[in-house]
Amino acid sequence: MDKVFKVGLVGAGGVTQLHLDGYKNHPERVEVVAICDPNEEVLNKRADEYGIKHRFTDLQDFIENSHVDVAVVCTPTSVRKEVLFPIIEAGIPIFVEKPFSDTLTEAAAIVDKASKAKLPMAVNQNFRRHYPFELIRGIVKENAIGKISQIMFTEIFFRQDAGWRLNNKRHALSVMGIHWLDGFRLVLDANPVTIACQTRSSSAINCAGETEATVQMAFDNDAIVTYVQSFSSSFSKNEMIVIGEKGTIVANHTSVKLYQRGQAEPIKTWKHHISREEATFGGLNQLLMCIESGHVPTNNVIDNLKTVSLLAGAYQAAEENSVISFDAEGLLQNEISIL
C-alpha cells in the first residue's frame, strides 16, 4: 500500500470538510488534486481553505480534465444519480456519501450501472468505526453474550440543520438513521424480516421532514431492534443496549461495557474514540485497497443497498402505517433483487 491516489471531490458543501480533514492526515495515501461544484463562491472558498489547485464548475469538465484516480461524491442526495452516472460511465472509482440515493429504486439503478461497469464503488458509512459498531460486532462474534435477542437504541438531542436538508422531505432518518440502521445490520450480521415505523415533525425544528422517529425491526436471526430518534430534545442521550442470552452490552460513542448475570458492575470496559474524520479516511482507504488488490470492501455499494432498503422500508411503514416485509436477501419484497 505505497501508492498515493489522486482524489477529486464532487460537491464543496459542509460535508466535504469531514473528508478533507480526514484525508490531510494521510498524505501517504491521498492527494486531493481537484474539486467540482457549480457554485463558484462555495467552490473557491473550500478550495482556498484546503489549498486545492484544480477547480471545476462543470461535472463533465471535471471528469475529462481532473485526471483523478478516485472521485469522492458529496453532493445533495437529490442529484446523486445525475452526478454518479457520468462518473461511472467514465470508469472512475467512486467513494460516495451516505445515503447514496434518496430512493431504493434509484439506489438499485446506481448499483446496477456500477456492477455492469465492474466499477469499484463504496459508501461513507463512517459510523461503523466512529461509533463502536465494529468493536461490538467483534465482541458478539467471540460469543461473549451468546445469541442476541434484542437491541435497544436511543439517540435524542437538539439538531437544527441548514441548507438543502431543510427542504428535504426525508430528514432525521436519512441524516442519522442511515448510520444506525447500517450499524444494526453490521452487529447482527443478519437480514431484516419486517419493519414498522412512526414519524413526526416537531415545530421546534425548522425543516420539511421528520424530526422524530420510532422504528422496530425483526431480523432473520430472531433478534428484534427498537430504535428511537429525536432531533428536538432539550436533553441529550445516546445509548445502545445489546441483550444476549449470556450477557448484555451497553455502549455509547466513547465506551462499550460488558455485563453478565449477577454482576452489578461491568466485567469489562472498552474505551472508544475514532473521529468521524479518521473513520471517513478509513472508508475511502477500503476502496483504495480494493483498487489495488481486487478485494471487495465491506462498505461496497451492493452491501449498502440493504441499508438503503431498510431506510426505504422505514419510510414506507410510516407512510402506510403498516408493517413492511423484506425478502430473503434483506430487500423490500417485490421491489428489486440483489445483483
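**Exercise 1. The largest cavity**

Task: Identify which elements each supply at least two residues of the lining of the largest cavity, and describe that lining.

Solution. Step 1: β6 (121–124), α6 (127–130) and α9 each give at least two residues to the lining of the largest cavity. The model under study is a predicted one.

Step 2: Within this lining, α9 contributes the largest share, 3 residues.

Step 3: The lining consists of Val123, Asn124, Gln125, Asn126, Arg128, Arg129, Glu134, Ala279, Gly283, Gln286 and Asn299. Sorted by class, it has 2 nonpolar, 6 polar and 3 charged residues.

Step 4: The volume of the largest cavity is about 80 Å³, and the structure holds 1 cavity of 30 Å³ or more.

**Exercise 2. The helix α9**

Task: Compare the span of α9 with the span expected at 1.5 Å a residue, and state which of its residues are buried.

Solution. Step 1: The helix has 18 residues, and from its first C-alpha to its last it reaches 26 Å. The expected span is 1.5 Å times one less than the number of residues. For α9 the expectation is 26 Å, to which the span found is close.

Step 2: A residue counts as buried when its relative accessible area is under 20%. In α9 this applies to Ala279, Thr280, Phe281, Gly282, Gly283, Leu284, Asn285, Leu287, Leu288 and Cys290. Two of these names, Ala279 and Gly283, also appear in the lining of the largest cavity.

Step 3: Just after α9 comes Gly294, with a positive phi of about 85°.

**Exercise 3. The largest pocket**

Task: Determine the volume of the largest pocket and the composition of its lining.

Solution. Step 1: The volume of the largest pocket is about 830 Å³.

Step 2: Its lining comprises 43 residues, of which Val15, Cys74, Thr75, Trp164 and Arg165 are the closest to the centre.

Step 3: Two or more lining residues come from each of α1 (15–23), α4 (80–89), α8 (172–188) and α9 (276–293). The helix α9 thus appears here and in the lining of the largest cavity.

Step 4: Division by class gives 18 nonpolar, 13 polar and 12 charged residues.

**Exercise 4. Aromatic pairs**

Task: Classify the pairs Tyr131 with Phe133 and Phe157 with Phe231, and explain what the second pair ties together.

Solution. Step 1: A pair of aromatic rings is described by the distance of the centres and the angle of the planes. The count for the structure comes to 12 aromatic pairs.

Step 2: Tyr131 and Phe133 stand 4.9 Å apart, centre to centre, with 45° between the planes, and the pair is tilted. Both Tyr131 and Phe133 are buried.

Step 3: For Phe157 and Phe231 the centres are 5.4 Å apart and the planes make an angle of 75°, an edge-to-face arrangement. Phe157 belongs to strand β7 (residues 148–158), whereas Phe231 lies in the loop between β10 (224–230) and β11 (232–244), so this pair ties together parts that are 74 residues apart in sequence. Phe231 counts as buried because its relative accessibility is 0%.

Step 4: Ring pairs also link Phe127, Tyr131, Phe133, Phe153, Trp180, Phe184 and Tyr227 into a cluster.

Step 5: Another contact with a ring involves a charge: Lys113 lies over the face of Phe85, at 4.9 Å from the ring centre.

**Exercise 5. Backbone features in loops**

Task: Locate His67, Asn321 and Pro99, and describe the backbone at each.

Solution. Step 1: His67 sits in the loop between α3 (59–65) and β4 (70–73). Its phi is near 55°, a positive value in a residue other than glycine. With 60% relative accessibility, over the 50% limit, His67 counts as exposed.

Step 2: Asn321 is placed in the loop between α10 (301–320) and β15 (324–325). Asn321 is not a glycine, yet it has a positive phi of about 55°. Its relative accessible area is 56%, so Asn321 is exposed.

Step 3: Pro99 belongs to the loop between β5 (94–97) and α5 (104–116). The peptide bond that leads from Lys98 to Pro99 is cis, and its omega is near -25°.

**Exercise 6. The position of Gly51**

Task: State whether Gly51 is buried or exposed, and give its separation from Val33 in sequence and in space.

Solution. Step 1: Gly51 is found in the loop between α2 (40–50) and β3 (54–56). Because its relative accessible area is 60%, Gly51 is exposed.

Step 2: Gly51 and Val33 are 18 residues apart in sequence, and their C-alpha atoms are 9.0 Å apart in space.

Notes. Residues numbered from 1 in each chain as written. Predicted model: local features only at pLDDT ≥ 70, side-chain atom pairs only at ≥ 80, totals over all residues. Heavy atoms only, no water. 1 Å grid on protein atoms, 1.4 Å probe; cavity = no way out; pocket = protein on both sides within 12 Å on 5 of 7 lines; lining within 4 Å. Points joined across faces, edges and corners; volume = space filled by probe spheres on them. Helix = DSSP H or I, 4+ residues; strand = E, 2+ residues; numbered from the N terminus. Nonpolar A, V, L, I, M, F, W, Y, C, P; charged D, E, K, R; others polar. Buried < 20%, exposed > 50% of the residue type's maximum accessible area, 1.4 Å probe, protein only. Phe/Tyr/Trp six-rings, centres within 6.5 Å; stacked < 30°, edge-to-face > 60°. Lys NZ or Arg CZ within 6 Å of the ring centre and 35° of its normal.
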